[in-house]
Amino acid sequence: MTRTISGFSKLSKRQKIEWLAANFFEDPAAAEQTLTAWRRPDEQQQNIIDGFTENAVSNYTLPFSVAPNFMINGKAYAVPMVIEESSVVAAASSAAKFWLDRGGFHAEVLGTVKLGQVHFRWGGNPARLRALFPALKAHLFATSADLTANMRQRGGGLQEINLLDFTHLEPEYYQLRASFETCDSMGANFINSVLERFGNQLEHFIETHPDLSDKDRDVEVIMCILSNYTPNCLVRAWVECSEAELEDLARDAGLPGHAAVDRICTAVRIAGIDPYRATTHNKGIFNGIDAVVLATGNDFRAIEACGHTYACRNGQYRSLSRAWVERGVFRFELEIPLPIGTVGGLTALHPLAKQALELLGNPSAPELMMIVAAVGLAQNFAAVRSLVTTGIQQGHMKMHLTNILHHLGATAAESTAAQDYFCRETVSFSAVRTFLERQRSNGF
Ligand code: MEV
């Protein structure tokens, strides 16, 4: 048995599976069977998926779900969501329906600027570099014009380049920070290509500049890469209605008058005070956001990284949403940077991402930003609403019941009986097991 290998990527898929099955699994035949069974039977479809990453040996399947009834800026959407957590889609759908009768969701894009950086070392006089910078900037604009031409034609491109001096924190360290408009694409490849050109041209400019002495010609580019923190690629989504329109919320929870609204606002303020609660609160927002981002073929790690940095932009990690009542009007609002795209990358390659975008009416990137933010807000509303009224376990475990039944190998008849029984009882793993044991010993 050998658990390391060289040249794994060169093996055929069959050989990869055989090697894994033989070396890592107690039952190699069963392992081979599982890895093979989850592949697409249609070879052409499978080839598309295999092309996404190196060393693909099977497919990891998640449900492609839909949350209907999202009214956003007066337009109705059925929103595609890809997520494994059982209660998320149900919660989004219920919040969408709730707000459908109260004016729906509102959203606006506050900016679409993306950023990239060239990090470099230069040992000369900082004032000298500052003096040279206008000429360097013009040089970088000119020498990247071929790369930005297409984007400029679409209304975007390179917008600005700034020089930042960090020599007080790290000897000789400077940064070029460039801003971009990438239209409907997320733009990562575009930005990174332009930045690498900047890196080469920065070296060329300094090394050949006639006004610089030999000792000032030493420049070292450390790295060129986009920044996933894009605070000016920002969207705001909100819901609002009169407090009176929320009275049934309190009534359903057996609370007096405006108590539910008051508790919601307090819960959101708590997430603005305490980072431990803020992390969970924002995780609830990302339950919705990630699911749509993933369904539409976007990079959910980029979105998460950006959102969490934004959540601590003032020095402490806080809630991304806010809720308050003013003159009898309740408003619940989410502001979040969402650098996403609707063209390029996986959006056109993955058949279901393509389908997801079509389901949304093939939106522009700004429209998708508004949809995603609305779903994040819906998810946050649903979670906080449950937390301050019934608690989340009741709904969550009801949704989780199906998973527990599958895990315990329940038959269709046993599942139907269990669904019926647990309408009235608290769901837990042991309660479901006891229920099934009782059923089986009674000869059902
Ligand atoms: C669970 O996935 C998400 C929640 O914990 C979010 C929250 O607490 O606000 C319910």
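The following dialogue examines how the ligand is held in this predicted model.

User: What makes Glu 85 and Ile 392 part of the surroundings of the ligand?

Analyst: A residue counts as near a molecule if one of its heavy atoms lies within 4 Å of it. Glu 85 and Ile 392 belong to the group that surrounds the ligand, which also includes Thr 280, His 281, Gly 284, Ala 383 and Leu 387.

User: Why is the approach of Lys 283 to the ligand called a polar contact?

Analyst: A polar contact is a pair of N or O atoms within 3.5 Å. An N or O atom in the side chain of Lys 283 lies 2.6 Å from an oxygen atom of the ligand, and therefore the pair qualifies.

User: How do you know that Arg 277 and Asn 287 make such contacts as well?

Analyst: For Arg 277, a polar side-chain atom is 2.8 Å from an oxygen atom of the ligand. For Asn 287, the distance from a side-chain N or O atom to a ligand oxygen is 2.9 Å. Both pairs therefore meet the limit of 3.5 Å. Taken alone, the ligand exposes 300 Å², of which the protein buries 85%.

User: What makes it correct to say that the ligand sits in a pocket?

Analyst: The condition is that more than half of the atoms of a molecule lie within 2 Å of the grid points of the pocket. The ligand sits in the second largest pocket, so it fulfils this condition.

User: Which elements give two or more residues to the shell around the ligand?

Analyst: They are α10 (275–295) and α14 (365–388). With six residues, α10 gives the most.

User: How many residues of the shell are nonpolar, polar or charged?

Analyst: Three are nonpolar, four are polar and three are charged.

Technical notes
Residues are numbered from 1 along each chain as its sequence is written. This is a predicted model: local features need pLDDT of at least 70, side-chain atom pairs count only at pLDDT 80 or more; totals for chains, interfaces and linings use all residues. Side-chain values use heavy atoms; hydrogens and water are left out. A polar contact is a pair of N or O atoms within 3.5 Å; within protein, one must be able to donate a hydrogen and the other to accept it, and residues adjacent in sequence count only if both atoms are side-chain atoms. Accessible areas come from the Shrake-Rupley method with a 1.4 Å probe; for residues, only the protein chains shown count as cover. On a 1 Å grid over the protein atoms alone, a cavity is a set of points where a 1.4 Å probe fits but cannot get out, and a pocket is an open set with protein on both sides within 12 Å along at least five of seven lines; lining residues have an atom within 4 Å of a point. Helices (H or I, at least four residues) and strands (E, at least two) are DSSP runs, numbered from the N terminus. Ala, Val, Leu, Ile, Met, Phe, Trp, Tyr, Cys and Pro count as nonpolar, Asp, Glu, Lys and Arg as charged, and the others, Gly among them, as polar.
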